[in-house]
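Reader: I would like to go through this model one feature at a time. Please give the reasoning and end each answer on the item asked for.

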Amino acid sequence: MCGIVGYVGSSHAKEKVIDGLRRLEYRGYDSAGIAMPIQGRIQITKAVGELKNLEAKVSDPEFDAAVAIGHTRWATHGKPTEVNAHPHGNMDNSIAIVHNGIIENYQELREWLAVEYGIVFKSETDSEVIAHLIGLYYDGDLLAAVNKAVADMRGAYAVAVMAADEPDKIIAVRKDAPLVVGAGNGFNMIASDVPALLKYTRDVYFIENNETVELTKDSVVIYDEKGSTVDREIKSVEWKADAADKADYDHFMLKEIHEQPSVIRETLLNRLNPDDSIKLDDISMTKEDIENFNKIYIVACGTAYHAGLVGKMVIEKMAKIPVEIDVASEFRYRDTFIDDRTLFIAISQSGETLDTLAALRDAKDRGARILSVVNAVGSSIARESHDVFYTLAGPEVAVASTKAYTTQLICMYLIGLYMGSTKGTIDKEYYDFMLSELKSLPAKVERILQDEEKIKALAERYHFNEHVFFIGRGLDSGVSYEGSLKLKEISYIHSFAIAAGELKHGTIALMDKDTLVIALATQDKLYEKMVSNIVEVQARGAHIIGLAKEGKTEIEKTSDEVIYIPKCADEVAPVLAVIPLQIYAYYVALEKGCNIDKPKNLAKSVTVE
């Protein structure tokens, strides 16, 4: 979850590293630091809190170098203090490192280094052992020292290293944590994620697992775990640098909510041939392939899991294949029935979610075909899958996901329609109808965005509620989970989602006059049952915001307020229903004065278990 940026060039490394770190703020952090070789020694500077605190400490012109490594830390081992912040150095600061991940055997290494070599540790972190290990093995060859240290380490890590005696280079190594190299003219960079590089270069090398890379200003050399050089193709990232800027919006989250019409359109229309047949990018999936699948697993975490809840129902309806949906962190530890007739669909915005990646590897080892739905081009999940279907959402900077979720839904519809039409389990009339409904979504989302002020007024009226429940049936149930997550993520309100039919099995005991219930009723075939559930909570004194399709005005009789979405097929209603919930969460958080783009304790990419 931490952010790493390194730069090797001719000058002004500090500015470029700090700028890169700023573009990784969405990953979450509580402290920051930078290391630079200055006048024959490594200068390490750290600060707790926001990046501006670090900038103030290194504002003097003397803090200038041609090489630098920087870090934003999200505390795991040790409190968020200046001592625990990265970079970490060895005893005499002749070696400096930054690290994203966890060293699982750090206690064992720490004791060994202290007892055998008298090394005194300054911090509580697991990361500091890396600096001391490299310092122990260093004899003038930084690459060799890093390789020796890595052999002693167990865990997940992306590490960047510099040495005072070799001030013109950075060595970095990767195992189960993201790492990308940006190639420039007279400079090279390294980072945890592509947005940190986009201002300076769009030419990148994606570093694979167990690879080491040596950077100078004029060269990038990649080594595999056996020490052989790797001939890696350079990739050009199509995201524009300003795609990760807020433009005229107050927050990235609001900007990304408003980008949804365009990214939905982009994700959909780029997958349609002139005759409206679906092309799943470069994926080849024949009728025989689809008929061979006897089970599909959808595995994901957080918001991506909620997209999977919708995907399960859509694929089962269209392809007539049983689909199981599971949280990746739980999937890994249960006995699953996977073989070469299994399709495993991994959903992840970042493509680096460690639990999802581990589940993917397990399923792949057991013969499953792996199809990943990701947003980040060249990410670990994408690279380790048999097939990749990209959401074309562009960079998503706010920690609370919005446009990545809606484009994941579009991908689920396209996969379901493709499988159903290819297998012959849906007819052309239904296919054409659903495609027409999908094509209408961008304009309908724009209509909802035009009603933003009405939703904002509801947030102003109800932001004081300490307990909020989201209820729904069918596809609305999955959207309820996502709406609840958005609210709790950024406003810190206790929010809870439940399938409406389960209310009387315990949860209705919590309903009273201080409770707010947001009731989703967008499924036509379940509308009357949903209204009955609303009546049940209304009878307990709860305040109710109903959400329904235009024309379904009966809900006004049982709700205090109603938000309407444009008429649509039940299947695609989740794309429209989630938009008001995103807007509502945003304005509630704004009313409460919360840090919307960087909520406390959260990070964009969860790269540790």
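Reader: Which residues touch the most other members of the largest nonpolar core?

Author: The model is a predicted one. Its largest nonpolar core has 95 residues. Those that touch the most other members of this core are Ile-345, Met-419 and Tyr-584.

Reader: Which helix gives the most to this core?

Author: The helix in question covers residues 573-591. With 14 residues in the core, the most given is by helix H18.

Reader: How many residues does the other core have?

Author: Another core lies apart from the one just described. Among its residues are Leu-21, Ala-68, Met-189 and Val-237. The number of residues in this other core is 30.

Reader: Which residues is Met-419 in contact with, leaving aside neighbours within four places in sequence?

Author: Met-419 is one of the residues that touch the most other members of the largest nonpolar core. With neighbours within four places left aside, the contacts of Met-419 are Met-285, Ile-290, Phe-293, Ile-296, Ile-315, Ala-319, Ile-321 and Leu-343.

Reader: What is the order of the strands in the open sheet of eight strands?

Author: The pairing in this sheet is antiparallel. Strands E3 (41-48) and E15 (235-236) each pair on one side only, so they are the edge strands. From one edge to the other, the order is E3-E2-E4-E1-E10-E9-E11-E15.

Reader: Why is strand E1 largely enclosed by the rest of the structure?

Author: On one side of E1, Gly-3, Val-5 and Tyr-7 are buried, and on the other Ile-4, Gly-6 and Val-8 are buried. Both faces are therefore covered. E1 spans residues 3-8 and is largely enclosed because the count of its buried residues is six of the six.

Reader: Which residue in E10 does Gly-6 stand opposite?

Author: E1 is joined to strand E4 (residues 67-73) by six bridges, and the two run antiparallel. In E4, Gly-6 faces Ile-69. Four bridges join E1 to strand E10 (residues 188-191), also antiparallel, and there Val-5 stands opposite Ala-191. The residue in E10 opposite Gly-6 is Ile-190.

Reader: Is Ser-348 buried or exposed?

Author: Ser-348 is found in strand E18 (residues 342-348). Beyond residues up to four places away in sequence, Ser-348 touches Ala-304, Thr-353, Val-373, Val-374, Asn-375, Ile-381 and Gln-408. Its relative accessibility is 2%, so Ser-348 counts as buried.

Reader: What is the distance from a polar atom of the side chain of Ser-348 to the backbone nitrogen of Gly-351?

Author: One atom of the pair belongs to the side chain of Ser-348, and the other is the backbone nitrogen of Gly-351. The distance between them is 2.8 Å.

Reader: Which residues does a cis peptide bond join?

Author: The omega of this bond is about 0°. One partner, Pro-87, lies in the loop between E4 and strand E5 (88-89). The cis bond joins His-86 and Pro-87.

Reader: What is the relative accessible area of Asp-276?

Author: Asp-276 is found in the loop between helix H7 (260-269) and helix H8 (287-292). Its phi is near 70°, a positive value in a residue other than glycine. Asp-276 is partly exposed, with a relative accessible area of 26%.

Reader: What is the phi of Tyr-492 near?

Author: Tyr-492 lies in the loop between helix H16 (475-491) and strand E22 (494-499). Tyr-492 is partly exposed, since its relative accessible area is 33%. Tyr-492 is a residue other than glycine with a positive phi, near 65°.

Conventions
Residues are numbered from 1 along each chain as its sequence is written. This is a predicted model: local features need pLDDT of at least 70, side-chain atom pairs count only at pLDDT 80 or more; totals for chains, interfaces and linings use all residues. Side-chain values use heavy atoms; hydrogens and water are left out. Buried means under 20% relative accessible area, exposed over 50%, partly exposed in between (1.4 Å probe, protein chains only). A polar contact is a pair of N or O atoms within 3.5 Å; within protein, one must be able to donate a hydrogen and the other to accept it, and residues adjacent in sequence count only if both atoms are side-chain atoms. Contact means heavy atoms within 4.5 Å. A nonpolar core is a set of buried Ala, Val, Leu, Ile, Met, Phe, Trp, Tyr and Cys residues joined through side-chain atoms within 4.5 Å.
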